[in-house]
Each structure stands twice: as structure tokens, then as C-alpha cells.
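Please look over the sequence and the structure shown here before reading on. The report is meant to be read beside them.

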Amino acid sequence: MENNTLLGVRDLRVSFRLDKHDKHADFEAVKGISFDIPENSTVALVGESGSGKSVTSLSILGLLPPENASVLPGSQILYGGRNLLDLSSGEMRELRGKEISMIFQEPMSSLNPVFTVGYQIAEVLRLHLGLAPKQAQARVLELLNEVGIPDPAAKSAAYPFQLSGGQQQRVMIAMAIACNPKLLIADEPTTALDVTIQKQILELMAALQDKHRMSVLFITHDLAVVGEIADHVVVMRDGEIREKGSTDEVFRNPRDVYTRALLRCRPPLEKRPRRLAVIEDFMDPGKLPEEAQERARGVSGDEPIILDVRNLGKSFFSREGLFGSREFKAVQGVSFKLPRGKTLGVVGESGSGKTTVGLTLMRLHEATAGEALFEGHDILAMPKAEFKPYKRRIQIIFQNPYASLNPRFTVGQILSEPLLIHGIGGSDAERTRMVHELLARVGLPAASYHKYPHEFSGGQRQRIAIARCLTMKPDILICDESVSALDVSVQAQVLNLLQDLQDEFGLSYIFISHDLAVVKYMSDQVMVMHEGEVVEFADSDDIYLRPQHPYTQKLLSAIPKADDRIRRVTA
Amino acid sequence: MNSPMETTSPGLWALAWRRLRTDRIAMVALAVVALFLLTLLLSATGIVARNWDAEIGVNYAPPTFMGAQSAEERGVQGMHAAEEAVPDNPRDPLADVIRKLRAERGAGAATDAAPVEYYGVVDPLAREIAEIRAELAKGSAATAVERRATLPLGADKWGHDIIQKTIKGSETSIVVGLTAALLATLLGTLFGALAGYYGKWVDDFFNWFYSVFTSVPYLLLILAVAAVLQQKGVLTIVLILGLTGWTGVFRLIRAEYIKHKGREYVMAADAIGASDLRKMFIHIFPNISHVPLVQMSILTVAFIKSEVILSFLGFGVPVGMASWGSMLNEAQNELILGKWWQLAAASAAMAVLVTAFSLFTDALRDALDPKLK
């Protein structure tokens, strides 16, 4: 189906200056990579954070920050017989948006909030094609229609904040294809979107690629998405290409251990190994992943109940008019029983109220209805002072380990603080000893004690956050999207750690996530939430095998089917 | 990048200092500011400029490089000038008249030593007066000898050395600037933290307070505070500037607290049971500490300039104290006479410090850029 090479990257090397006075502190983000993008096909550039995939795409467009990034001599990006790296900035500008265009991860921040979306699309048309305002407007409606936005005439006069996330991304796509580009670069275009929306966007992109006979460079960390959309895969790690080839080939027979590891780190939907495979298992040939054993999940019904939540509700009020207020029900009528030592999974898309449930149980938000009985005491109704001893027994791990640790505290301070506040451990020496024990337990070196959070990777930071909760020996741990911000390989490590801790301390988890595969892997019971209400509540295997509610069915069908693809091609 | 072997890591301030050290302009500016502070310390402890108010030069003595000037050239009409014009009896304005009267009464008859009888009345204090006169004459002759015709940077109206006066003036101005900035920053930070963190009616209250303060014209506010405090002095100026200058800091700190109180690390602190005060000042404050620091530095510069304006308007330091403002105020009249050196010295000192301080503030802000990796 493809014939000629549209764009060729040859020995691309990009280096960043980290310290403007120290030449030796340069960091080479891309270390001499070469690959081709054939005409009329989709190439996926896959890698975890820090692999250099985004830097590669930015250097194709000449958008690297000039003050500290430099493309090293010898690098070539060949397009239409020219080396893009030699072009002047004027020539590059001519090319950008017209022949090569780009869409970004966050549609909200890529659109200018003070202009209507119609104006922003028309701007591209006027700049590159020189269309008159009337013609441009007609073309805008055509484009909006093409990317599947209902009622284009009304939406073209809307401001970005008036559109949903999925619609915003559609507008970005409309803007990118406005001039019929030959190459569309999509940098993680669906990562910020819900799984059902992601599916729609992927289908749209595939349709547009086919219709306009353009090529797409699709950058992602998610191999499952690659399986849905790409013809070719380039796997990158640490600025180098580990493997490239056609998607079928790579999925069927991954030659590189890293690719193999990436494909296996994701929790599989159809089985549940005791532990997840991690990259190290594959990189170290002597070790064999202990995937063989299956873990039994589900509740029998006679476990002791540690938390009994009845009819929980949380409303937010916004002022309206002089005296009135409008009620927004974020959560209503949520009831569940959490058995000791078990995991309750909470799934839902953004805005479903799943995070609010967690925060309300911690009393980080005050509930507006219902009760939560913890050992027979309603923790939502008691005064704050009375709640304090309970607080240490219910802990929460937040989504973003970059934001949940105070950047001005050392790890030692972060971990000692809860001990100090709750008067655990008699002396400073005793507390220091306890902190060191915990560091060892979550797999961090003792030297971490004096370091600051920014010196750690995302996975390590999440371990610190877990250790902080463990200092108080909680009974219930709420994991609010705790692994969503992590790379797949790191995700597997953290999930394994959480699993081990549950086995060791008999913790009960409330595991909140939008990622159905992860929830399925971790949970005994699953609660599906939609618009603030529970739509389905059952044992996790039942939910996945026999979903009852149409919304659950829709969610499940939207999961990218790389797993199917792997199974299909390996079978 | 730290090696894994390293057991301790540099904190924010150590990193900021490292960045600052590589900035050449910042280091020069810092050296200049340090020099001023050192001078301030020396002058405050009395090691230099202790006798700045000694009248060691002739009035309006010009800078040495301009050479000495005669009294007429200096345009002096003060008492020393009168002394030179009537050298034999400088203190008595009626001396000439008396002499004339004596002559009319018939010369020779009078003896100087004996009590003199004027118009038939014997002056009982004549002897004492004569003694005092003699002493005064001696004294004034002695000072007149010591007064120098030129000084390195000239002298003011009373013959004070401009160098020492500028040093003393710097002390006053910098002390006023720094303490007022400290006061304003403290108030602004405290109010801002309370308003931003608690929100709701606390925020409403402080916002109302802020609006009232900012709606009154600045000079009027200063006049009002000055009127309430009733007395002139360094403390008064510090209070005036500090009590009126917190509004800008307040607005910034409040915004920072609103931004930070919703951050996950504060929620995490809440989750482990940290109290409100702990969250405000142990968790949030270190994360925004660059804001008050940079603000304080900006305010210091602004307040040094404000002190000058206040003194210039006459609300500044009391007579008998030197500050850059009072020096400029005096220079206003001197300039008509062509006496530019006091103005030049005070302005130069102020310009150098303000420029150095501003450059340093800029560099400090860059170095404290809170973007952490």
C-alpha cells in the first residue's frame, strides 16, 4: 500500500544544555536515530517518558527550544529532497501547518481561550492558503463537519472552554488537516482523554488518514493504542531505537527484550498473574517472570467489614444570582461495604465522581449526605478533633507523585512528619530508624533520606508517597489514580509493591482508576460509576466477563484491543 | 546531577546560591550592596562619620578639585561673613554706634580699665562682658583657623563635610528602607497567608481592608499616618512606609496561597493530619518564600526612594539628622547658588545603591525560580 518514503530521519542527534556554564553537563536526548515515514501510512513512535520520542517530533518541525537544545551536526531530516534542518526559519514556517502539521496532548492548552474555534481554524486557512474570510468560513464548517462535530455552524462560534475535551481534540485535528498536510504529527493525542473518547478519536484519525492519503507520525507511550492505529512501529528507549518494523511483525514476534517487556507489563484482561512482569525480568536473562501463578480474587461474603458506606452524597454549590445557589451533585447515593484485606475497585471516566468518593471518605471534602461507618463509628459526622485518630487509619495516595510531595522537604522530613504529628515513635532516633525501615520496605536506598523529591523518578516518588502512608500503619488505603501518571513498566512495579503490602499487612484498598485493566487486576470487587452514581457493582471477574449495565459494556468495548491483537497474532 | 553515593543533597537555597554565583552582574551588584551595608555598620557603630556634624569647613566649602573660593564668590551672607567684615568687635551690632558716642563725649578722658559711665549710668556688668567678649573672640578666632577652605567633596551650608554627611545619610536611608520593607513584607505575608488560606469571610475582610488602603491616595495616607503619630523621627517614617506599603505583597501572597492550598502536597499534608498553621507556614510557606523575599528587595529600593521624597516634602527625618532625603531637600536651595556638590553626592550614592539592589533583586528572582526538575 505504501511506496515512497515521505520523510526520512537520518542519524538524528539532539542534545540539551542543562547548565549554561558547563559544557560537560550536556544531555544527549536523542542518540543518532534513523527511521522512515512512508507515504500514506501511520508510523507509531513508542517509548516511555525520557525516551526522546517527543524531542524527535519537535526536531522534525524545528520547534525545539533554541536556547538550550541543539541538533548535532551530521543529523538529517529529509523531506521532499531537502534537509529540513538546513532550512531557514521562514522556509520552515511556510512548511509548518501547510505540509507538516501537529496536534498536541492537551487540546485545552493548545487552543487559544480568547478566540472562537472557528476563528482559529480560519486563521490557518488565511495564513497558508490565502483564503478570503468568506471562503475560509465555508471551509471551517466543512472541516468541523469532517471531524464529526455536531452542528458545525454553532460550534464554530464557540470558545474552546465551551467544548468537551473530545470536541477540543477534534477541533485541533480539523486545524491540523485544514491545509491537507502530507504529514500529521500527533503527540500523545489521546492520552488526556477518556477511554471511550479515545476510541472515537483514534477511529477519526484512521479515517482521515485514509481519506486524505496523508501520513501520520503517532507518538505514544501506549502500545495498546499502537495496535489499533499504526502500520509501522518504532520503539525508543533512552534516545535510541530498540526495534522498528511493521506493527504485525513487532507484535507477533518482538525481537528486542525491551519491546517484549513493554508488551507484557500491562496487566492482562483475561488472566490475573500473582505478580506483574517488570522490565528487569526481561532485561536480566537469568530471571524468569513469575507469571505462572494466578491470583484468586473476589469476596465470599463472610469477611469482616471494615468500612460500611451508606448513601454517600456530595454536592457542590455555586452562587447564582444574588441569593440563589445552584447545586451540582458530584456524588449521590453511593453505598458499599469494604471487607478487611480486600480491594474495592472504582472505575469511571472523568467527571464520574470517583475521586470525590475518595476525598469525601478522607474528609478532604465534607460529605453532604450519607454516612461511613468505620468500626461502627460514623467518621463523616464526628467532630474534627475526634476524627484525627481515625485519620491515620485511612490514608490516601494521590495520582501525581510530582505534586503530592512537598518539594521543599527532604524524604526524611516527609516520612517523619506523620510520625511527629501523631506522636508515633518515642524519640527522634526511634523515628529515624522507623523511616529507614520503611524506605527499605518500599525498595528505596537509605541514601534517599537526605534527598529532595525532585531527585527521584516518578515511580520512586510514588514509593515515597506509599511509604508516607505506611508510617501511620493504616487499615484502609485509598489509591486515587495512583499509577495513572506512571510509565507502564514502572506501573507494574508499583502495582506489585501495593500487592505485596496488602499480602503483608492485610490492608484494605479502595482503588480508584479510569484504567479498566489495572482495576481488573487489582480488585476483588468493582464499582462502576457514571455521572456521580453507581451503575454496576459486582465481583471483578463478573464485571469483565458478564457486564450487565450498558455503560459498563460500552467502557469495556472501548479498551484498545492490543491484547486481542497480541493474542490474535501469537495464536 | 548528584552521584548516588552522595548522602545529602543541596536544598533550594544552596541551589539558588549556586545559580547566583554564576551570574557575574549579580555578584558585582551584591558586592556593591555589601559595601554599602558595611559602611552602614561602621557608621552605626561610630567608627566612621561619628563627627559628621562638626563644622570643619567654611560654609559651602567647594570640593578640593575646584580650589578655594573667597567669601563673596561663595556668596556667603552668614554670620562668619559678617565677622570678617567687622573684625574688631564681631559680636556687638551696636559697636559702631557706641564708638561714635564715645568719641562725641570726648576722647582721652575715659580709661578702659575703670568702670565706664554711659550717660551718667555705670554699667555694673561691664567688666564681665568685656571678659566674655574677649573669650568669645578667642574662641571664634580658633574655629576660624581650623575651618578649611576646601574639603574633598565640599561642605554644606554649615560647613559639614559632605563625605561624612553622605555616609551618615546612607545609614539613615538604608536603615529606613530595610526595616520598613521588612515590616511591610511581614504584614503583607501574614495578611495574604490568612486571606488566601482561609478564604471565605477572612478573605473578604482582608480584601475590604486592602481596598480601603489602596483607594486612599498614597500621599494622603502618609500624611494621615504622620498626623496620627504626631512626631518626626526614623521610627515614624518606618511605620508610615511599613503600614502603607504592605498592599502589593498582600495581593501576591494571597494569590500564591490560593494557588497552593489546592495543591496535592497540601492535601497530602491534610491527609496525614497536619494542622492549619502547620500547612500554612511549614508546608506552603517554604514553597512561596521566594515571593516575599523578592518583594522585600523591591520594596527596599522603593522605600529608600520614598524616604527621599518624604524628607524632601518635610515629613522625613528631623532636623539635625542626615539622610539622603534631607540632603536633597537642602540641595534644593543650594542649587540656586550653584552649590551642586551635596546634591551630587546624595544622588550618586542613592543611584548606585538602588541600581545595584535592583540588579541583585532581578538576579535573585531568576535564581529562585521555583521550577524544580
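The text below goes from the whole of one chain to single residues in two chains.

**Chain A as a whole**

The model is a predicted one, and the description starts with the overall build of chain A. Its secondary structure comes to 22 helices and 21 strands. The radius of gyration of chain A is 26 Å, close to the 25 Å that the globule rule gives for 571 residues, so chain A is as compact as a globular protein of that length. Along the principal axes, the C-alpha trace of chain A spans about 75 × 60 × 55 Å. Of the 571 residues in chain A, 45% count as buried. Where contacts in chain A link residues at least 6 apart in sequence, 68% of them join residues at least 24 apart.

**A hairpin in chain A**

Strand 10 and strand 11 of chain A run antiparallel and are joined by six bridges. Within this pairing, Val235(A) has Glu243(A) in strand 11 of chain A as its bridge partner. The two strands form a hairpin with two residues between them, and Asp238(A) lies in the turn. In terms of numbering, Asp238(A) is found in the loop between strand 10 (232–237) and strand 11 (240–246) of chain A.

**Positive phi outside glycine**

Asp238(A) has a positive phi although it is a residue other than glycine, and Arg363(A) is likewise a non-glycine residue with a positive phi. The table sets out the values for these two residues.

| Residue | Phi | C-beta neighbours inside 10 Å |
|---|---|---|
| Asp238(A) | near 50° | 15 |
| Arg363(A) | about 60° | 19 |

Arg363(A) is found in the loop between helix 13 (354–361) and strand 15 (369–374) of chain A. Because a residue is buried only if 20 or more other C-beta atoms lie within 10 Å of its own and exposed if 12 or fewer do, Asp238(A), with 15 such neighbours, counts as partly exposed, and Arg363(A), with 19, also counts as partly exposed.

**Glu307 in chain B**

Turning to chain B, Glu307(B) is found in helix 14 (residues 290–313). Is Glu307(B) buried or exposed? Glu307(B) is buried, because 30 other C-beta atoms lie within 10 Å. Leaving aside neighbours within four places in sequence, Glu307(B) is in contact with several residues, among them Ser173(B), Val176(B), Gly177(B) and Ile237(B), as well as Gly316(B), Ser323(B) and Gly325(B). The C-alpha atoms of Glu307(B) and Leu241(B) are separated by 8.3 Å, although the two residues are 66 residues apart along the chain.

How values were computed: Residues are numbered from 1 along each chain as its sequence is written. Chains are lettered from A and ligands numbered from 1 in the order in which they are written. This is a predicted model: local features need pLDDT of at least 70, side-chain atom pairs count only at pLDDT 80 or more; totals for chains, interfaces and linings use all residues. Helices (H or I, at least four residues) and strands (E, at least two) are DSSP runs, numbered from the N terminus. Two strands pair if DSSP finds at least two bridges between them. The radius of gyration is taken over C-alpha atoms; the globule rule is 2.2 Å times the number of residues to the power 0.38. Two residues are in contact if their C-beta atoms, placed from the backbone, lie within 7 Å.
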